[in-house]
Amino acid sequence: MTTATPSPANPLTGRTVVVTGVSRRAGIGHAIACRAADLGASLLCHHFSPHDAEQPWGADSVEATLDSVRAHLVPGARLVDVEANFREPAVIDEAVRALGGVDALVCNQASSGRDGGLQQIDAADLDHHWAVNARASLLLVQAYADRFADRHRAGHGGPDEAAPNGRESDFPAMPGSAVLMTSGQGLGPMPEEIAYCTAKAALAGITPSLAAGLAERGIRLNTVNPGPVNTGYMDAETMRMVDAMFPCGRTGRPEDAARLICWLLTDEASWVTGQVINSEGGFRR
């Protein structure tokens, strides 16, 4: 961990952020990692390129993606990466080993494909989406919360002067922050993505309960729906159709989601927890 002091320009200085799903320069994960680096964070970037290689848009160069993120690091910040299939998540342990602790977590990973309408999917499809999109996020948050607590108890936190009943809190006044990713399944039907929607709806539904349980550990948790975002999977015809559904005439970009998500990691968002935030730019279904 670095010991530099955060500033208004670099509010994540001295903090380590884990971002999952950083494998394509066109993706939201890459934009989140670049934005967090711009704000001063050290990073652990997770990627799993075999998934991308199975998609119609194909895989990007992981090395080029990580080099792009490195170009945003401020002096003293570090970047490490790990490739992992989220059926066996171990990213938090790697961040602790490599960087000394974890201050914030963004569960950006998602699985595409192996989906369809109710009559097309089977149990394996449901299990696949649950494992990658929902179960992995819950296990990552669990591991992050444990490591966050361990790090504080080891002496990296401090007294909380605002602790209730005049007693010293067990956790620091500067809270940790976790962000989950959902979709727009609660705002309009997505009948051809039943397995995906089921897993993403689970994350949105559990957000208030997770946040309540984590609050006493000094951690805020929120969930973001970025709306339709052009991450390189839309062809020109699809782009024209989707662009027309936004009041400003353009589809969402990864940077739009990254600004909100990284703000939620900073102390500026210290009074925001347990929220499902729909950031869709006025998308008209």
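Two strands count as paired if DSSP finds at least two bridges between them. Keep that rule at hand for the exercises below, which all use a predicted model.

**Exercise 1. Get an overview of the chain.**
Task: State how many helices and strands the protein chain has, and what share of its residues is buried.

Solution.
- Step 1: The protein chain holds eight helices and seven strands.
- Step 2: Of its 285 residues, 49% count as buried.
- Step 3: Now look at contacts with a separation of 6 or more: 75% of them are made by residues 24 or more positions apart.

**Exercise 2. Place strand S1 among its neighbours.**
Task: Work out which way the side chains of S1 point, and in which sense S1 pairs with S2 and with S4.

Solution.
- Step 1: Begin with S1 itself, residues 16-19. Thr-16 and Val-18 point one way, Val-17 and Val-19 point the other way, and all of these residues are buried.
- Step 2: Check S1 against S2 (residues 42-47). Four bridges link them, and the pairing is parallel. For a landmark, find Val-17, which stands opposite Leu-43 in S2.
- Step 3: Follow the chain from S1 to S2. The path goes through helix H1 (residues 28-38), and this β-α-β crossover is right-handed.
- Step 4: Turn to S4 (residues 104-107). S1 and S4 are also parallel, here over three bridges, and Val-18 has Leu-105 in S4 as its bridge partner.

**Exercise 3. Carry on from S4.**
Task: Decide whether the two faces of S4 are covered or open, then find the strand that S4 joins by four bridges.

Solution.
- Step 1: Ala-104 and Val-106 lie on one side of S4, with Leu-105 and Cys-107 on the other. These residues are all buried, and both faces are covered.
- Step 2: The strand joined to S4 by four bridges is S5, and the two run parallel.
- Step 3: To see one of these bridges, go to Cys-107, whose partner in S5 is Leu-180.

**Exercise 4. Describe helix H8.**
Task: Compare the span of H8 with the expected value, then list its buried residues and what covers them.

Solution.
- Step 1: H8 has 12 residues. From first C-alpha to last it reaches 17 Å, close to the 16 Å expected at 1.5 Å a residue.
- Step 2: Its buried residues are Pro-254, Ala-257, Ala-258, Leu-260, Ile-261, Cys-262, Leu-264 and Leu-265.
- Step 3: A helix rule helps in reading such a list: an α-helix has 3.6 residues a turn, so residues three or four places apart point the same way.
- Step 4: The cover over the buried residues of H8 includes S1, H1, S4, S5, S6 and S7.

**Exercise 5. Explore the surroundings of His-129.**
Task: Find where His-129 lies, whether it is buried or exposed, and which backbone oxygens its side chain meets.

Solution.
- Step 1: His-129 belongs to helix H5, residues 123-156.
- Step 2: Its relative accessible area is 1%; the cut-off for buried is under 20%, so His-129 is buried.
- Step 3: The side chain of His-129 reaches the backbone oxygen of Gly-113 at 2.7 Å. A polar atom of that side chain also lies 3.3 Å from the backbone oxygen of Arg-114.
- Step 4: Leaving out residues up to four places away in sequence, His-129 touches several others, including Ser-111, Asp-115, Ala-195 and Tyr-196.

**Exercise 6. Sort out the aromatic pairs and a glycine beside one.**
Task: Describe the pair of Trp-57 and Tyr-233 and the pair of Phe-246 and Phe-283.

Solution.
- Step 1: The count comes to three aromatic pairs. One of them is Trp-57 with Tyr-233, tilted, at 6.0 Å centre to centre and 55 degrees between the planes.
- Step 2: Trp-57 sits in the loop between H2 and H3 and Tyr-233 in the loop between S6 and H7, so this pair ties together parts 176 residues apart in sequence.
- Step 3: Both are partly exposed: Trp-57 at 31% relative accessibility, Tyr-233 at 41%.
- Step 4: Phe-246 and Phe-283 have ring centres 5.0 Å apart and planes at 40 degrees, so they too are tilted. Phe-246 and Phe-283 are both buried.
- Step 5: Finish with Gly-232, in the loop between S6 and H7. Gly-232 is partly exposed at 45%, and its contacts include Trp-57 and Arg-24.

How values were computed. Residues are numbered from 1 along each chain as its sequence is written. This is a predicted model: local features need pLDDT of at least 70, side-chain atom pairs count only at pLDDT 80 or more; totals for chains, interfaces and linings use all residues. Side-chain values use heavy atoms; hydrogens and water are left out. Buried means under 20% relative accessible area, exposed over 50%, partly exposed in between (1.4 Å probe, protein chains only). Contact means heavy atoms within 4.5 Å. Rings of Phe, Tyr and Trp (its six-membered ring) pair if their centres lie within 6.5 Å; planes under 30 degrees apart count as stacked, over 60 as edge-to-face and the rest as tilted. A polar contact is a pair of N or O atoms within 3.5 Å; within protein, one must be able to donate a hydrogen and the other to accept it, and residues adjacent in sequence count only if both atoms are side-chain atoms. A crossover is right-handed if, with the strands pointing away from the viewer, the path from the first strand over the helix to the second runs clockwise. The expected span of a helix is 1.5 Å times one less than its number of residues.
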